Amino acid sequence: MILKHREFPLTIEKLEALLLRLPLKHPKIPIIIEDLKKRMAGYRGEEAIDYYLSFLEEKDYYIFHDIRLKGKNHYFQIDTLILTRKMAIIIEVKNISGTIYFDPIFKQLIQTKDQTEKAYQYPLIQLERQESQLKEWLVNNNLKEMKITSIVVISNPSTVIRSSPDDQIIHHKVIRKENLPTKIIQLEKSINSPDLEEKELKKISRKLLKKHTNADFSILARFKINESEILNGVICSSCNYLPLIRVKANWHCPKCNRKDKQAHIQAIKEYKLLVKPTISNAELRYFLNITSPAIANRLLKAMNLRYTGSNKDRVYQLD
């Protein structure tokens, strides 16, 4: 059964909002687009294994997608974690096209595509670290130790996988997505140790869900972009024109003539993604390009937001 579902990545939402709010000729746009493409490919790759996981007997497998835990010194994130009564299986999904070669000497993953080579982090090193971190996390949280193993799943069906013929670790650790259910069953059958009691498995599961922490960060700080570089105003949902004009309780687009009473809500969501999770009346007016404190107050009240402070000092929580 799936105990933690896969969520659309917050990082991708922030990158998309950032691209909408930067001037067309901003010098950081190419690297932001490249980062967005990479993350979207990763997310689609992770989604691609869900169908194959559905072939597992639901009651025998506890599945956690995108679990992020605090280790002794660092957070660590696992694409997919599967708990059974025999073991924990860490799954790292790779959605890389072209031909990939696992280089065991220099510990790198090499992609060849369009006659160009590109090196990536060696997945097996990452998995060794995650196994160690998860083992340590179980001990630190006074939980029952269990056998932990890991596999790399190549989700792109067109990818050509190559490795050294002598590298048996790669042959054991790297699989295609369609082989995932069979591989998990094989891993379980290879374990001779006694099964974990059901109550211990449930205890570990509850703790995983309780200790999971969503990653949040400033996307502006990541790309070293100042808040002043962000374009203010409400964006037209039909033609992306910026800024819309406030006319008689409507947002009017001068380009396509669309009228929308609620267009400011998306703008406020983008403010939260790019700037911060709270907003004042003055900050709202500045970001939406309106001058009236009364109009800003009506817009904020209509959204039923939690707030602290009173009158001029009021700050709204963008939940």
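Strands S3 and S4 form a hairpin, with 3 residues between them. In this predicted model, that hairpin is a good place to begin a tour. S3 covers residues 75-83 and S4 covers residues 87-94, and the two pair in the antiparallel sense over 4 bridges. One of the contacts to look for is at Leu83, whose bridge partner in S4 is Ala88.

Now turn to the other neighbour of S3. Strand S2, residues 62-70, is joined to S3 by a hairpin of 4 residues. S2 and S3 also pair in the antiparallel sense, here over 8 bridges. To find your bearings between these two strands, pick out Ile67 and follow the pairing to Ile78, its bridge partner in S3. How enclosed is S3 by the rest of the structure? Of its 9 residues, 7 are buried, so S3 is largely enclosed.

These strands fall within a stretch that carries a label in a database record. According to an unreviewed UniProt entry, residues 41-157 are annotated as "domain: NERD". In the model, the chain over residues 41-157 is 26% helix and 44% strand. The C-alpha atoms at the two ends of this stretch are 13 Å apart.

With the strands in view, let us look at the empty spaces. Rolling a probe the size of a water molecule over the atoms shows where empty space is left. The count comes to 2 cavities of 30 Å³ or more.

The second largest cavity takes us straight back to the hairpin we began with. This cavity holds about 30 Å³ of space, and its lining includes Leu81, Leu83 and Ala88. You have already met Leu83 and Ala88 as bridge partners. The other residues around this cavity are Leu134, Trp137, Leu138, Met146, Ile204 and Leu208. S3, H4 and helix H7 (198-211) each supply at least two residues of the lining, and H4 gives the most, with 3. What classes of residue surround this space? The lining is made of 9 nonpolar residues, with no polar and no charged ones.

The largest cavity has a volume of about 40 Å³. It is lined by Glu227, Ile230, Asn232, Tyr271, Val275, Tyr286 and Phe287. By class, these residues divide into 5 nonpolar, 1 polar and 1 charged.

Next come the pockets. The largest pocket contains about 1700 Å³ of space. It is lined by 44 residues, and those closest to its centre are Lys38, Arg39, Gly42, Glu46 and Asp79. Many elements take part in this lining: helix H1 (10-20), helix H2 (29-48), S2, S3, S4, strand S6 (108-113), strand S7 (116-121) and helix H4 (123-140) each supply at least two residues. Which of them gives the most? The answer is H2, with 9 residues. The lining has 18 charged, 14 polar and 12 nonpolar residues.

The second largest pocket has about 490 Å³ of space. Of the 24 residues that line it, Ile268, Lys269, Glu270, Lys272 and Leu273 are the closest to its centre. H1, which also helps to line the largest pocket, supplies at least two residues here, as does helix H9 (263-274). H9 gives the most to this lining, with 8 residues. By class, the lining divides into 13 nonpolar, 2 polar and 9 charged residues.

One last stop is a pair of cysteines. A search of the whole structure finds 0 disulfides. Cys236 is in no disulfide, and the nearest cysteine sulfur, that of Cys256, is 3.6 Å away. Why does the sulfur of Cys256 not form a bond with that of Cys236? A disulfide needs the two sulfur atoms to be within 2.5 Å, and the 3.6 Å between these sulfurs is too far for a bond. The surroundings of the two residues can be described as well: Cys236 counts as buried, at 3% relative accessibility, whereas Cys256 is partly exposed, with a relative accessible area of 33%.

Key. Residues are numbered from 1 along each chain as its sequence is written. This is a predicted model: local features need pLDDT of at least 70, side-chain atom pairs count only at pLDDT 80 or more; totals for chains, interfaces and linings use all residues. Side-chain values use heavy atoms; hydrogens and water are left out. On a 1 Å grid over the protein atoms alone, a cavity is a set of points where a 1.4 Å probe fits but cannot get out, and a pocket is an open set with protein on both sides within 12 Å along at least five of seven lines; lining residues have an atom within 4 Å of a point. Grid points are joined across faces, edges and corners, and a volume is the space filled by probe spheres set on the points. Ala, Val, Leu, Ile, Met, Phe, Trp, Tyr, Cys and Pro count as nonpolar, Asp, Glu, Lys and Arg as charged, and the others, Gly among them, as polar. UniProt positions are given in the numbering used here, feature names are shortened, and annotations may be inferred rather than shown by experiment. Buried means under 20% relative accessible area, exposed over 50%, partly exposed in between (1.4 Å probe, protein chains only). Two strands pair if DSSP finds at least two bridges between them.
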